[in-house]
Each structure stands twice: as C-alpha cells, then as structure tokens.
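Q: Could you walk me through this structure before class?
A: Gladly; have a look at it here.

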Amino acid sequence: MAEKKVIMVTGGTGLVGKAIEFIATGEEKNPNEEWHFLSSKDGDLSDRAATEAIFKRIKPTHVIHLAAMVGGLFRNLKYNLDFYRINTLINDNVLNISHTTGVKKVVSCLSTCIFPDKTTYPIDETMVHNGPPHDSNFGYSYSKRMIDVQNRAYNKQHGCQFTSVVPTNVYGPHDNFNLEDGHVLPGLIHKIYMAKKNNTPFTVWGTGSPRRQFIYSRDLARLMIWVLRNYQEIDPIILSVGEEDEVSIKEAAEAVIKAMDFKGEVVYDTSKSDGQFKKTASNGKLRKYRPDFNFVPFDQAVKESCDWFMENFETCRK
C-alpha cells in the first residue's frame, strides 16, 4: 500500500485553491492523500511563529504553496513595496519551515509577470532571470522570482524536492470579482452584470489590444495535482494553453458579452493603462510531458465562470 501523503495547500480558499479542492476531492480523488486547505484564518504566513504553528498542527508531507498578496494592475502600481516585502516573508517562511520539518515536496505557484519585460516571444522556463520585469508590478515579480532561486538553493544544499509552476492568467469560480483590484476576466464579468442591471454602457479599461493566455482554474488544478504527483524537476514548468489560444482583451470581453447575453453599448476607456502588451508563453515543456491533456474550450470555461458568478453574486461582489 502506498505511503499516505498529507498535503497542505496554502492560500487554499482562493481561486486556485478552491479549484484544486474541487478536483482533488472529485475526479482525481486518491485514498492515500489527505488534503488540508488553509485560509488566512489559519494564521499569518508572513509571521514565522504563526507559520511554524500551522506546520506543527498539520504535519504536512507535501505542500502546494499558493498563498500570496495579490492584486490587479492598478493595485500593483500603487503598492510595489508591500507586494515585495509581504510575499518575500511568506515565501521564505513556507519554504524554510518545509525544509526544517522534513516536507518531501513543495510545489509553489509563480506567475508569468516574473518574466523580463524586454524579451523575445514566446517566453519559456529558461528565461525567467534574463532581465527586469515590467515596472508596473516589479515588487511582486521579484518576490516570486526568488522562489525559483530558493528552490534551486534548497535542492543544491539540502537535496529538497522544491519546484514551481508558472500559470498564465487564471480565471474561474471563486475568483476575485472586485471591480477595483480584481484581474481582467472577473472584472469584465462583474462590470457586465452591473451594466445589465443598471442599463448603462459596459466599459472596458484600456484599448482592448493587449493579448493574454487564459487558463481555466480547474484545468490548472488538474495540472498542479499532476505536478505534485509526477513532475520530478526542480526547474519551473509553465502551465498554459498553447500560443495559438492567446486572445486579446477585446476578444475576452466579447466572450463575456456572449456568455452574459449583454445587448448594451460597449465602451473602451483608453485613458486607462493597458499594462504589458503581451507575455506569450510556450507550453512546449508541458506538452512533452502531457501531450494528451485537453483544455476546456475558452468560451465554455468563460460561460461556467459567468454562471458561477451569477449564482454566488452576493458573496463574491465585495
């Protein structure tokens, strides 16, 4: 009988954590795995003593590290220092205590924003440290990059099996639908809801021309569970749809318009910043490992996300 894994998921009540819970307790359920999904109520991971207490209580053998201070473009622009300091503390505590308590494997979640602003496309896993990230969110980006540095150092010095994944733009049920600091797709969904309710124009910030690869949270969950169970490299792996599935913000907005059956006026507010124009990522490495993986079609996943929002509006509109 296989040895039982006690898997602790930091940030377990957020977008990705909820998706992992949905998949790990459903279609990917394994009787030899005991899952624990942490929320901020379990303790402040930027505090060393609080983090040690969590590890002592749960005694994880494996960790999926999702917890982070996160936000959209405009929140990052305002609080770069806070994003750097708080995330650095969280990451150092989780990785160091995982090492000192004998955790067998840690899978941390990075972001494509860690890649250099000035680069060639598509970006791949070898290019993380080739130059400075985009200036709009450099604090968050540098803090996330340091997870990769720590993973390599823990492996070289102590033999730790610490690795990381780099998802592209994640969306789905349990997303942050806040109109001020949420990410692109949940923000569009909430805006269209309000436009329909108030019979006002649907306003998209920026020109709509930037391009993004969006990954449905439940697809990401399936892949992260695979990484935890099967991926043996220390080097990061990009988890993304292919380059051919990249869409513009305008196309994303049109998918939401269709899913929400919006018939009103659409306005693009070009006084708002577009942010980084593109950050196309290669999923070639993933495809070498998982040539068989089928992503949920974009329109279908957007519709499922919109339906979840409509069913849960009162709890997710804060």
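A: A definition to start: angles under 35 degrees count as roughly parallel, over 145 as roughly antiparallel, 65 to 115 as roughly perpendicular and the rest as oblique. This is a predicted model, in which local features need pLDDT of at least 70 and side-chain atom pairs count only at pLDDT 80 or more, while totals for chains, interfaces and linings use all residues. Residues are numbered from 1 along each chain as its sequence is written, and side-chain values use heavy atoms, with hydrogens and water left out.

Q: So how do H6 and H10 cross?
A: The axes (lines fitted to C-alpha atoms over the stretch in contact, with angles from 0 to 180 degrees between N-to-C directions) of helix H6, residues 184-198, and helix H10, residues 298-311, come within 11 Å and cross at roughly 55°. H6 and H10 are therefore oblique to each other.

Q: Which residues of H6 and H10 make the contact?

A: Contact means heavy atoms within 4.5 Å; H6 brings Leu185, Ile189, His190 and Tyr193, and H10 brings Phe298, Ser305, Cys306, Phe309 and Met310.

Q: New topic: in what order do the strands of the open sheet come?
A: The 6 strands, which are DSSP runs of E with at least two residues (helices are runs of H or I with at least four), follow the order E2-E1-E3-E4-E5-E10 with parallel pairing. Two strands pair if DSSP finds at least two bridges between them.

Q: And which strands stand at the edges?
A: Strand E2 (33-37) and strand E10 (237-239) do, each with a single partner strand, so one side of each has no neighbour in the sheet.
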